[in-house]
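I opened this entry to look up the overall fold content and the disulfides. My notes follow the model.

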Amino acid sequence: MHHKLIISSCLEYLFIKNIAIKGKAVQSSICYLKAQIAIDDSDFYCTHTETKTNPWRLDMTALQIIQEVIITNRMDCCFEQINGSEISEIRIGNSLENFGNNNPICAVIASIPAGASYSYLCPDMEGRYVNIVIPGDDKFLTLCEVEVYWGFPAPRSEFFCEGKAEQSSTLRYEANTAIDDNDFHCTHTETETNPWWRLDMTDLQIIQEVIITNRMDSCFEQINGAEIRIGNSLENNGNNNPICAKISGIPAGQSVSYSCGGMKGHYLNVVIPGYSKNLTLCEVRVYGNGTS
């Protein structure tokens, strides 16, 4: 049994253990190595499915309260396979309908660099099963290690209330609506090229996680393709700063967590590249470890 003190995704656990290593893993198919390789407490070997619809599922054998999932990606030429052209998803729940892929979403995997381990918060989500899936046909799924943690979280730093928000234009609600701790009203830009929203955190911060809440009406797909960028430059309104994550999609009315792995910056931007785009944000929460 693994016990450790860990600080990740801006959540400090006073007591935590990786419960994945006692579970039972299965996957849709086996190209090289079987599903259990992803929970062997070693990232030397990696699972690998055939080219097809490709969920990987962990049965934790009993209902668990999950705080965090950490995924380690392969480090060779094919590390981008986990990114997927669709939304790569972590799902947690108790249902085995559709192999468990209909359970609630913990997070989407925008991308994981070669050989890196990324943390995804699933605060107090309950379930017996953890699924990782790249929706769509003709996909490979490779996982070098999957760790699943429960614990007792200590308070985490949140900067969103202290910042100042701006956006490229305003159709309905102003930029600060996205940091009012209420997702009832949502920001909305005009239809324009590269619409953006920017948070000035007033000082250099170390960012671990960004949570974005999407609109819940028929236009929820407008956010697809958006980028989260963090840095210190205001060149191009801050839209040239390094990318934390790309938003493939967020279901209507849902909040999705994006891990930024300790990126440093004064500014956080959400921007949708392209022509004739609208940007709508119902809530943006930024978590981290304080000032650099």
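Below are my entries, from the whole chain down to single cysteines.

**Chain.** I am working with a predicted model. I looked up the secondary structure first and found 0 helices and 15 strands. Next came burial: 52% of the 292 residues count as buried. I then checked contacts with a separation of 6 or more, and 73% of them join residues 24 or more positions apart. The accessible surface is about 12,800 Å². Carbon and sulfur atoms hold 49% of that surface.

**Disulfides.** I found 4 in the structure. Counting bonded cysteines along the chain, I read the pattern as 1-4, 2-3, 5-8, 6-7.

**Cysteine 46 and cysteine 144.** Their S to S distance is 1.9 Å. The link is right-handed, with 85° about the S-S bond. I placed cysteine 46 in the loop between strands S3 and S4, and cysteine 144 in the loop between S7 and S8, 98 residues apart. Cysteine 46 has 18% relative accessibility; the cut-off for buried is under 20%, so cysteine 46 counts as buried. Cysteine 144 is buried at 3%.

**Cysteine 106 and cysteine 122.** I read 1.9 Å from S to S here. The torsion is about -70°, so this disulfide is left-handed. It ties strand S6 to strand S7 across 16 residues of sequence. Both cysteines are buried.

**Cysteine 186 and cysteine 282.** The S to S distance is 1.9 Å, and the link is right-handed at 85°. Cysteine 186 sits in the loop between S10 and S11, cysteine 282 in the loop between S14 and S15, 96 residues apart. I noted both as buried.

**Cysteine 219.** I checked its exposure last: cysteine 219 is partly exposed, at 29% relative accessible area.

Note on methods. Residues are numbered from 1 along each chain as its sequence is written. This is a predicted model: local features need pLDDT of at least 70, side-chain atom pairs count only at pLDDT 80 or more; totals for chains, interfaces and linings use all residues. Side-chain values use heavy atoms; hydrogens and water are left out. Helices (H or I, at least four residues) and strands (E, at least two) are DSSP runs, numbered from the N terminus. Buried means under 20% relative accessible area, exposed over 50%, partly exposed in between (1.4 Å probe, protein chains only). Contact means heavy atoms within 4.5 Å. Accessible areas come from the Shrake-Rupley method with a 1.4 Å probe; for residues, only the protein chains shown count as cover. A disulfide is a pair of cysteine sulfur atoms within 2.5 Å.
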